[in-house]
Amino acid sequence: MQRVLPQIGDWSSLDELRDLQAKQVPQVLAWAARAPFYRARFGSGLPPLTAADLESLPLVTKQDLRDAYPFGMLAVDRAELATYHESSGTVGQSTPSYYTERDWVDLAERYARKWVGLTARDTLLVRTPYALMITGHLAQAAARLRGAMVVPADYRSLAMPYPRFIRALHNLGVTLTWSIPTEPLVWAAAARAAGLDPGTDFPSLRALFVAGEPLSAARRKRLGEIWGVPVVEEYGSTETGTLAGECAHGRMHLWADRALFEVYDPRTGRLSAEGNGQLVVTPLYREAMPLLRYNLEDDVEVSYADCPCGWQLPSVRVLGRASAGFPVGDRKVTQHGLEELVFSLPSGYGVLFWRARAEPAVLRVEIEVAEEHAAAARDELTAAITRELAVPCEVVPMPPGSLLPPEVLSKPRDIVKPRTLWGADEDWNQASLYN
């Protein structure tokens, strides 16, 4: 049976939004009661709770999902499942996740809520993994839902080296891309290696869709300057799909019509509707694998302050994983904070690639920068780190190509099948490799 899912504009106040959430909670609890995990947790069955009573339930953790691997969270018959996925395992063991076809309608609709629009006139180039993670499949499902053409350019596939990717981006009239925020920096370098200008030689491009890693305001601004198009960010996970997306005013809004959100303070154990802490989510239309108060362990800041867009949805700032960051002396350095300083360097310095290592007594940073800007970039970044992060640091300028080898940008690798017959002048040690 087709579900009727809420759409933006179905409510005109936060009270109406909360009523919409409350009406769906009994269904969520009924789905959860069918899963082995929840039957074990609550014994004879889930208590008859309402939205206001969810605060009595314990949080579900990533470890709970790992312990329930693979189908301990399953709340439907296996025959109803459409797809199975696992998270990337960025922090610890990956977690399982699965969806029905009905779940996928909700997933695709949430992804398609882009303020720039996603239409049948678009060509969406998907530069995220397909495999077990949900990212590539999610973008493809949303694009097909809206009638757009999809170019599947999985960046972990040997079939799509950067020269071939740039050729597709340039020749196919791609209007939208989907990737982690780091990728468009590499594309820019690859485009220039191919003799193309990212800002002028891709006239069909109208937006970069990004997610999957924290994006500082400075890096976002730099990406927009390089490509000359809006950078449209979203936030989500394999376990939940898209949870938040941007409005036209640049705020990230939680899709609170499709999920309940809470903020957890791990120091006090308290949960609240807004503020700073770890994001806790209860999807409202997740049938195959219900999640009741699932702690994503991502550091966020949630606010219900009014937004000019008029969506009547909470806004969120995603600060990264709670476990991210490394000590230097008595301070903690995060990638988000350091990235803000690196990409605040003048764009004329051309700094796109960098790396850092947090040691007990010093933060070591390497940046790729042309020789004529090396001293200025080193001095300015050293001063910014000392001032803003208050840690001892050593900034080392590196020649372009040191951190991102030129051959990565220019060497085609279109051989993606194993070979058994080789010529006399070929290396037959490659025979068993997909290379």
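Where in helix 1 does a kink lie? In this predicted model, the kink is found at Q24, shortly before the proline P26, and amounts to about 30°. Even so, helix 1, which runs over residues 14-32, spans 26 Å from its first C-alpha to its last, close to the 27 Å expected for its 19 residues. Q24 itself is on the list of buried residues in this helix, along with L17, L20, Q21, V25, V28, L29, W31 and A32. As for what covers them, the list includes helix 2 (36-42), strand 10 (259-264) and strand 12 (275-283).

Next come the aromatic rings, which make eleven pairs in the model. One of them joins Y111 and W178, set edge-to-face with 4.9 Å from centre to centre and 85° between the planes. Y111 belongs to helix 4 (residues 101-111) and W178 to strand 5 (residues 176-179), so this pair ties together parts that sit 67 residues apart in sequence. Both Y111 and W178 are buried.

F165 and W187 make another pair, this one tilted, at 4.7 Å centre to centre and 35° between the planes. Here the link is between helix 6 (residues 162-171), home of F165, and helix 7 (residues 183-193), home of W187, so parts 22 residues apart in sequence are tied together. F165 is buried, with a relative accessible area of 0%, and W187 counts as buried at 0% too. The two also belong to an aromatic cluster with F202 and W227.

Charged side chains turn up over ring faces as well. K114 lies over the face of W178, 6.0 Å from the ring centre, while R127 lies over that of Y162, at 4.8 Å.

Technical notes. Residues numbered from 1 in each chain as written. Predicted model: local features only at pLDDT ≥ 70, side-chain atom pairs only at ≥ 80, totals over all residues. Heavy atoms only, no water. Helix = DSSP H or I, 4+ residues; strand = E, 2+ residues; numbered from the N terminus. Expected span 1.5 Å × (residues − 1). Bend = angle between axes of the 7 residues up to and from the residue. Buried < 20%, exposed > 50% of the residue type's maximum accessible area, 1.4 Å probe, protein only. Contact = heavy atoms within 4.5 Å. Phe/Tyr/Trp six-rings, centres within 6.5 Å; stacked < 30°, edge-to-face > 60°. Lys NZ or Arg CZ within 6 Å of the ring centre and 35° of its normal.
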